Amino acid sequence: MTRILLLGGTTEASTLAKTLAEAGLDAVFSYAGRTAKPVSQPLPTRIGGFGGAEGLSAYLKTENITHVVDATHPFAAQMSTNAVQACEAAGVALCAFERPAWRAGEGDHWLHVDSIDAAVDALPDTPARVFLAIGKQNLTQFAAKPQHHYLLRLVDEPDAPLPLPHTTVEIARGPFDVAGDSALMQRHAVTHVVAKNAGGAGAAAKLTAARSLNLPVIMIGRPQVPERPVLGSVAEVMAWLSHPAD
């Protein structure tokens with residue numbers, strides 16, 4: 001009997017959840033709990049962590065999970081690592097459902113870096129106006145360059161003081177479009193964009209907008225995670241689950 005744990009938080013996870021529900025499969029959707037009002041799902045949903053790889057392994061056994069689909073954000077490296085270790089320990093099948101990384105095109109001015117700290121180092125020493133399009137989890141490192149004004153776009157209002165002295169916060173939930181992102185950057189006189197290479201269409205508008213405005217983009221590469229099967233479409237995941245996609 002197939003019972004699926006879908007580790008979610010991305011558009012891809014929500015799309016897969018809809019397909020699983022329509023197929024009548026026994027599945028549980030799991031949110032990390034980083035946003036106050038996550039998107040509702042058509043599957044039974046749990047919110048919060050598992051207690052590391054050991055806790056996740058125990059959950060898989062207790063809940064009789066047979067398959068895990070890791071459709072978390074490409075930068076949720078710890079959760080993905082925990083999933084690999086937990087599934088190995090519990091003898092549960094695992095695949096990742098992952099969107100391709102973005103690639104620079106003609107007219108883009110990207111500087112590729114491999115970490116948040118490297119992105120901080122890549123910012124100029126003279127004051128700039130930076131669209132810090134990386135969420136709220138890694139802001140502390142940018143306090144090393146307090147001379148800049150940082151534009152943040154967050155899903156929820158900050159629940160604590162931000163570690164950056166000069167910030168503007170815009171509350172919005174994607175997907176976003178090029179016209180809106182171009183207007184946002186022009187309104188705030190942005191001179192630099194910092195982004196994580198999350199991939200996907202829903203957050204790509206800022207990159208097209210940066211290209212049209214001739215702005216440099218500091219692009220943070222994806223973190224390394226343990227090797228696991230990686231699938232790129234709902235149809236591939238459904239085939240892996242031995243249920244053809246409609």
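In this predicted model, the buried residues of helix α3 pack against β1, α2 (52-62), β4 and β5. Those buried residues are A77, S80, T81, N82, A83, V84, A86 and C87. The helix itself runs over residues 77-90, and its length holds no surprise: at 1.5 Å a residue its 14 residues should span 20 Å, and the end C-alpha atoms are indeed 20 Å apart. Just past the end of α3 comes G91, with a positive phi of about 70°.

Helix α2 is one of the elements that α3 packs against, and α3 in turn is among the elements covering the buried residues of α2. The rest of that cover includes β1, β2, β3 (45-47) and β4. On α2, the buried residues are A53, L56, S57, Y59 and L60. Looking down the axis of α2, these buried residues fall within an arc of 160°, so they line one face of the helix. Turned away from that buried side is a face carrying E54, K61 and T62, which are exposed. After α2 the chain reaches N64, and here too phi is positive, near 55°.

Helix α1 can be described along similar lines. It covers residues 11-22, and its 12 residues reach 17 Å from the first C-alpha to the last, close to the 16 Å expected at 1.5 Å a residue. Buried in α1 are E12, A13, L16, A17, T19 and L20. Viewed down the axis of α1, the buried residues sit within an arc of 165°, so one face of the helix is lined by them. On the other side, T11 and E22 are exposed. As for what the buried residues of α1 pack against, there are four strands, β1 (4-7), β2 (27-31), β4 (67-70) and β5 (93-97), plus the helix α7 (234-240). Just after α1, G24 takes a positive phi of about 75°.

Helix α7, then, is a packing partner of α1, and V234 is found in it. V234 has a relative accessibility of 17%; the cut-off for buried is under 20%, so V234 counts as buried. Its C-alpha atom is separated by 8.0 Å from that of F97, although V234 and F97 are 137 residues apart along the chain. F97 closes strand β5 (93-97), which is itself packed against by the buried residues of α1.

Further along, attention turns to helix α5, where D181 is found. Is this charged residue buried or exposed? With a relative accessible area of 2%, D181 is buried. Setting aside neighbours within four places in sequence, D181 is in contact with R153, F176, A205, K206 and A209. Of these, A205, K206 and A209 fall within the span of α6 (205-212).

The loops on either side of α5 have their own backbone quirks. Ahead of the helix, P175 lies in the loop between β9 (167-171) and α5 (178-187). The peptide bond leading from G174 to P175 is cis, with omega near 5°. On the other side of α5, the loop to β10 (192-196) holds A189. This alanine has a positive phi of about 50° although it is not a glycine. A189 has 42% relative accessibility, so it counts as partly exposed.

A comparable case turns up at N214, in the loop between α6 (205-212) and β11 (217-220). N214 is not a glycine either, yet its phi is positive, at about 60°. Its relative accessibility comes to 52%, and since the cut-off for exposed is over 50%, N214 counts as exposed.

Last comes a pocket. The second largest pocket has a volume of about 180 Å³. Its lining is made up of 13 residues, and P74, E98, P223, V225 and R228 are the ones that lie nearest its centre. Sorted by class, that lining is a mixture of 5 nonpolar, 4 polar and 4 charged residues.

Technical notes:
Residues numbered from 1 in each chain as written. Predicted model: local features only at pLDDT ≥ 70, side-chain atom pairs only at ≥ 80, totals over all residues. Heavy atoms only, no water. 1 Å grid on protein atoms, 1.4 Å probe; cavity = no way out; pocket = protein on both sides within 12 Å on 5 of 7 lines; lining within 4 Å. Points joined across faces, edges and corners; volume = space filled by probe spheres on them. Nonpolar A, V, L, I, M, F, W, Y, C, P; charged D, E, K, R; others polar. Helix = DSSP H or I, 4+ residues; strand = E, 2+ residues; numbered from the N terminus. Expected span 1.5 Å × (residues − 1). Buried < 20%, exposed > 50% of the residue type's maximum accessible area, 1.4 Å probe, protein only. Arc of directions from axis to C-beta. Contact = heavy atoms within 4.5 Å.
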